[in-house]
Every structure is written in structure tokens, then in C-alpha cells.
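This briefing goes through selected side-chain pairs, a helix packing and a few individual residues, with the burial of each residue where it is available. Please read it alongside the sequence and the coordinates.

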Amino acid sequence: RKRFLCILCSVCISAGVFVQTPRTAEAGQRVLTLAQAKKLAYLNSADYTKVKSKINLQKIKYTEAVKSIALKQKNMLTFRWSPLLKFKFPERPDMAELYDWLYKPIQLQTALSELMHELHDVKYAVDEKVSNLYVAAYAAQEKITFTEARLDSADGTLKRNEWKVKTGEGAQADVDKGKTQVKKLTTDVSLLMRQHETAKKKLGNAVGLDLSWGYRFENPYVKGKIGRSMLKELTEYTLSRDQGCYEAGLNARAGLISMELNERMLKVKYKSICPIYRVISTRPARGRR
């Protein structure tokens with residue numbers, strides 16, 4: 001008998017160690033936050049990687065162009081000689097070369113700014129997609145928890161009513177109604193579980209993780225009030241982050257800078273030899289701020 005009790009205790013202990021209750025398993029799950037999901041989605045996004053590569057390439061182009069211009073300036077504006085006694089005196093750059101020296105870095109910097117803004121645009125698109133998928137997964141998770149609680153409650157009520165019928169204290173109609181409710185809730189839980197698996201699969205594809213097991217999701221909703229007085233501010237914020245609007249503004253500024261550079265170089269070249277141009281260049285332009 002003592003041996004039997006020892007064996008029984010060993011089995012109970014083993015069951016306690018190796019079998020997890022649902023609550024224990026749930027507590028051991030990792031929580032994937034919305035912020036973490038967004039960061040993972042950036043790394044898993046082909047558009048994000050593509051724009052990042054363009055930015056790195058554009059930075060290299062800008063650095064090389066600045067170094068090349070500096071080398072050309074030094075080479076042209078200093079006295080040079082070779083071992084074969086070939087001397088080269090400092091030269092003045094023509095207008096095309098001077099314009100290229102001044103405008104090329106600005107042009108490349110403008111292209112880099114466009115790409116940086118495009119990267120933000122891609123991030124906003126990824127944020128929107130991941131946020132929607134995350135909300136769907138979280139909503140399905142919470143619906144399952146709520147429906148399972150209702151199922152447990154309905155199942156408990158059904159068992160009590162069945163016991164009352166056996167003791168003659170209850171009605172069979174209550175038992176039949178309880179069975180119908182338990183069956184419906186069981187079906188609802190199964191449907192919600194399938195929806196949850198589908199939502200987790202879509203989110204997992206977006207972030208590059210297998211979320212089919214071992215992950216839970218936290219509440220992603222943010223409480224806030226947006227008054228009508230914020231409409232103008234929201235409109236300006238949206239326009240500042242619109243890629244097409246941003247590119248148009250950059251191109252307009254780059255065009256203005258190009259025109260002003262050409263104007264300055266023309267002034268320097270012709271102001272001393274052309275009296276008419278000297279008069280025109282000193283007259284204030286209409287409408288210029």
C-alpha cells in the first residue's frame with residue numbers, strides 16, 4: 001500500500017510539473033507590442049529596404065561630388081608644375097564650370113532630401129498596414145477570451161440545471177435552452193479561433209515572424225480628443241508629409257536657387273562692361289520679397 005501511495009504521489013507531481021493549465025500557458029506567452037511590430041515590419045518591407053539603399057547610394061554620390069569639385073577647384077586655382085618642367089598657372093573657371101561647382105551639391109542634396117521624405121512616406125504606409133493587422137489580431141484575441149468566459153459560465157449553468165432536473169427541482173426546458181446556448185458559444189469560439197489564426201498569419205507575414213504560437217497582443221488603442229479647432233493644424237501636417245507636395249516644394253526651391261545663381265554670375269561677368277545690364281541689375285524686381 002505504501003508503495004502504491006508513493007507511485008501515485010510521483011504521478012501527481014509529474015502531472016503538476018509537465019502539464020500546464022491554460023492560465024499558466026497564457027502567462028508564459030510573450031507580448032508583441034505594436035511598436036515592436038512596426039520596427040520588425042520596416043526591416044521586412046521591400047519598399048523600405050529599397051528606399052534605404054537609394055539613400056545610401058545618394059549619400060555616396062553627394063560625398064564623391066563634393067570631393068571631386070574641391071579637387072577641380074584646387075587643381076584649377078593653384079599654380080601647378082610637372083617634373084618635365086611643364087607649368088600651369090591658375091585659371092579662372094568659365095560660367096558653366098562655376099555653375100556646376102555651386103549648383104551640383106545643392107542638386108544632389110535636394111535629391112537626398114526627397115529620398116529621406118520618401119522613406120518617411122514608406123514608414124507611414126507600413127505603420128498603417130501593421131496597425132490594422134495588429135488591431136485585427138488583438139480584437140480576435142479579446143473576443144476569444146470574452147466568448148470563452150461566456151461559454152464557461154453557460155456550461156456551469158447547464159450542469160447545475162441538469163443536476164436540478166435529476167433531483168426534481170428544475171425544468172427540462174432550462175436544460176434544453178442551456179444546451180443550445182453552449183453549442184452556439186462553442187461554435188462561436190471555434191470561428192473566432194480561426195479568425196485569430198488568420199489575423200496572426202497576416203501579421204506574421206508583415207513582420208517576418210511566426211506568430212502561430214507563443215505570442216499575445218496588448219491593447220493598441222489610444223484615447224484622445226480631436227476638436228474641430230485642430231482641422232487647420234491637421235491639414236498642414238498632412239500636406240507637409242505628402243510626398244508629391246514635398247517634392248514640388250523642393251523642386252521649386254531648387255529652381256529658384258538655380259535662377260539666382262545664374263543671375264549672380266551674370267552680374268559678376270557683365271556688370272563692369274555693360275552699363276545697360278548694370279542699370280537693370282540694380283533696379284528692384286517687381287513682386288520679389
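What follows is grouped by topic, beginning with charged pairs and ending with single residues.

The model is a predicted one. A search of the whole structure finds four salt bridges, and a search for aromatic pairs finds three. Helix 5, which spans residues 95-167, contributes E142 to a salt bridge with R216 of strand 4, and Y134 of helix 5 pairs with F217 of strand 4.

**Salt bridges**

- Side chains of opposite charge can pair when their charged atoms come close.
- E142 and R216 are joined by a salt bridge through their side chains, with an N to O distance of 4.0 Å.
- Because E142 belongs to helix 5 (residues 95-167) and R216 to strand 4 (residues 215-217), this salt bridge ties together parts of the chain that are 74 residues apart in sequence.
- The two partners differ in burial class, since E142 has a relative accessibility of 30% and counts as partly exposed, whereas R216, with a relative accessible area of 18%, is buried.
- A salt bridge is also formed by D155 and K159, whose closest N and O atoms are 3.5 Å apart.
- D155 and K159 both lie in helix 5, and because they are four residues apart there, about one helical turn separates them.
- Of these two residues, D155 counts as partly exposed at 28% relative accessibility, while K159 counts as exposed at 53%.
- In helix 6 (residues 172-207), E197 and K200 are three residues apart and therefore separated by about one helical turn, and their side chains meet in a salt bridge with an N to O distance of 3.2 Å.
- E197 is partly exposed, its relative accessible area being 38%, but K200 counts as buried, with a relative accessibility of 7%.

**Aromatic pairs**

- A pair of aromatic rings is described by the distance of the centres and the angle of the planes.
- Among the three aromatic pairs found in the whole structure is the one formed by Y134 and F217, which is edge-to-face, with 5.4 Å from centre to centre and 80° between the planes.
- This pair links distant parts of the chain, as Y134 is in helix 5 and F217 is in strand 4, 83 residues apart.
- Both rings belong to buried residues, Y134 having a relative accessibility of 0% and F217 a relative accessible area of 4%.
- Another edge-to-face pair is formed by Y138 and Y221, for which the centres are 6.2 Å apart and the planes make an angle of 70°.
- Y138 lies in helix 5 and Y221 in the loop between strand 4 and helix 7 (231-240), so this pair ties together parts that are 83 residues apart in sequence.
- Here the burial classes are mixed, because Y138 is buried, with a relative accessible area of 12%, whereas Y221 is exposed, with a relative accessible area of 53%.

**Packing of helix 3 against helix 6**

- Two packed helices are described by the angle between their axes and the distance between the axes.
- The axes of helix 3 and helix 6 cross at roughly 60° and come within 7 Å of one another, which means that helix 3 is oblique to helix 6.
- Helix 3 makes the contact with A37, L40, A41 and N44, and helix 6 makes it with N205, A206 and V207.
- Sorted by class, the residues in this contact of helix 3 with helix 6 are five nonpolar and two polar, with no charged residues.

**Individual residues**

- T33 sits in the loop between strand 1 (30-32) and helix 3 (34-44), and at 17% relative accessibility T33 counts as buried.
- When residues up to four places away in sequence are not counted, T33 touches Y134 and E218; Y134 is the residue that pairs with F217.
- D100 is found in helix 5 and is partly exposed, with a relative accessible area of 35%.
- Leaving out residues up to four places away in sequence, D100 touches I69 and P105.
- Although D100 and I69 are 31 residues apart in sequence, their C-alpha atoms are 8.6 Å apart in space.

How values were computed: Residues numbered from 1 in each chain as written. Heavy atoms only, no water. Helix = DSSP H or I, 4+ residues; strand = E, 2+ residues; numbered from the N terminus. Buried < 20%, exposed > 50% of the residue type's maximum accessible area, 1.4 Å probe, protein only. Contact = heavy atoms within 4.5 Å. Axes fitted to C-alpha atoms, helices over the stretch in contact; angles between N-to-C directions. Parallel < 35°, antiparallel > 145°, perpendicular 65-115°, else oblique. Nonpolar A, V, L, I, M, F, W, Y, C, P; charged D, E, K, R; others polar. Phe/Tyr/Trp six-rings, centres within 6.5 Å; stacked < 30°, edge-to-face > 60°.
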